[in-house]
Amino acid sequence: MAGALSATRRTRPTTAQCIAATLFALLVVAAAIVIIWLAVRPGKLRLSIDHATVRGFNFTSGGALQGTFALVLRAYNPNKRSAVYRSLDVGVWYGDTYLGGAEVPGFRQPPHNETRIVVAAPAAPDALPRDVEREMKKDRSAGMLPLDVHVRGKVWFKYGLVGTRRYKIRASCPLVPVVFASPSSFDRVYCHVHI
């Protein structure tokens, strides 16, 4: 009878076997997470400026800029899922000086889609520093004003009924040329996008 009991008795796993089993389970879980992340992660959205003009460009006697910056942004979604923008804040800068901006209402962008966004950004009512005003007048006399456009916002991606977390999107479009004479063409300016 003692021989029958010892034959059915199981031995306990050693400490090394427990550690090896735990490490293997963690490895399997990590591999599953990486595979899901690679399948779900969003690709980088692409933004560019297709056209830029300024209407009513003038300086007040107090040194404030008057006018409206008219921009056409192009957003391209290279992902296999829809992108939903909550809203975009578009700012126009001359060097380190903020000139004006506007908020674009949220929209949904289908997969592999290119969307044109028309922005009318009024000039800020604040007076500009005198040296900036002088430089801008000099650039206007030369016929071209180099501006920087910065875009900020939040975006998330939809997979059918399921959505991802919200991502902050920041884009900078350097040296956007605003030509005062009626330009015959405009070279697209590509933006540096960070998500």
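D50, R74, E114, R116 and R188 are joined in a network of salt bridges, as seen in this predicted model. Side chains of opposite charge can pair when their charged atoms come close. In the protein, the count of salt bridges comes to seven.

The network may be followed pair by pair, beginning with R74 and D50. These two residues form a salt bridge in which the closest N and O atoms are 2.4 Å apart. R74 belongs to strand β2 (residues 65-77) and D50 to strand β1 (residues 46-59), so this pair ties together parts that are 24 residues apart in sequence. R74 is buried, its relative accessible area being 16%. D50 is likewise buried, with a relative accessible area of 12%; buried here means under 20%.

D50 also meets R188. The side chains of D50 and R188 form a salt bridge, at 3.0 Å from N to O. Since D50 lies in strand β1 and R188 in the loop between β8 and β9, the pair ties together parts that are 138 residues apart in sequence. R188 is partly exposed, with a relative accessible area of 33%, whereas its partner D50 is buried.

R74, in turn, has a further partner in E114. The side chains of R74 and E114 meet in a salt bridge, with a distance of 2.6 Å from N to O. Here the connection runs from strand β2, which holds R74, to strand β5 (residues 113-122), which holds E114, so parts that are 40 residues apart in sequence are tied together. E114 counts as partly exposed, at 44% relative accessibility, while R74 is buried. R116 is also a member of the network.

The strands named so far belong to a broader arrangement. The protein has three helices and ten strands. Along the sequence, these elements follow the pattern α-α-β-β-β-β-β-α-β-β-β-β-β. The radius of gyration is 28 Å, well over the 16 Å that the globule rule gives for 195 residues, so the protein is more spread out than a compact globule. The dimensions of the C-alpha trace can be stated as well: along the principal axes of the protein, the trace spans about 110 × 35 × 25 Å. Of the 195 residues in the protein, 36% are buried.

Two patches complete this description of the surface. One is nonpolar and consists of I19, L23 and L26, which together have about 310 Å² of accessible area. Within this patch, L23 is located in helix α2 (residues 15-40). L23 counts as exposed, with 54% relative accessibility.

The other patch is positive and is formed by R86, K154, R166, K168 and R170. One of its members, R170, lies in strand β8 (residues 167-179). R170 is partly exposed, with a relative accessible area of 47%. Patch residues have over 30% relative accessible area and no salt bridge, so the arginines of this positive patch, R86, R166 and R170, stand apart from R74 and R188, which are linked in the salt-bridge network.

Definitions and conventions:
Residues are numbered from 1 along each chain as its sequence is written. This is a predicted model: local features need pLDDT of at least 70, side-chain atom pairs count only at pLDDT 80 or more; totals for chains, interfaces and linings use all residues. Side-chain values use heavy atoms; hydrogens and water are left out. Patches are made of residues with over 30% relative accessible area and no salt bridge: like charges are joined within 9 Å, nonpolar side chains (Val, Leu, Ile, Met, Phe, Trp, Tyr) within 5 Å. Accessible areas come from the Shrake-Rupley method with a 1.4 Å probe; for residues, only the protein chains shown count as cover. A salt bridge is a side-chain nitrogen of Lys or Arg within 4 Å of a carboxyl oxygen of Asp or Glu. Lys and Arg count as positive and Asp and Glu as negative; His and the chain ends are not counted. The place of a charge is taken as NZ of Lys, CZ of Arg, CG of Asp or CD of Glu. Helices (H or I, at least four residues) and strands (E, at least two) are DSSP runs, numbered from the N terminus. Buried means under 20% relative accessible area, exposed over 50%, partly exposed in between (1.4 Å probe, protein chains only). The radius of gyration is taken over C-alpha atoms; the globule rule is 2.2 Å times the number of residues to the power 0.38.
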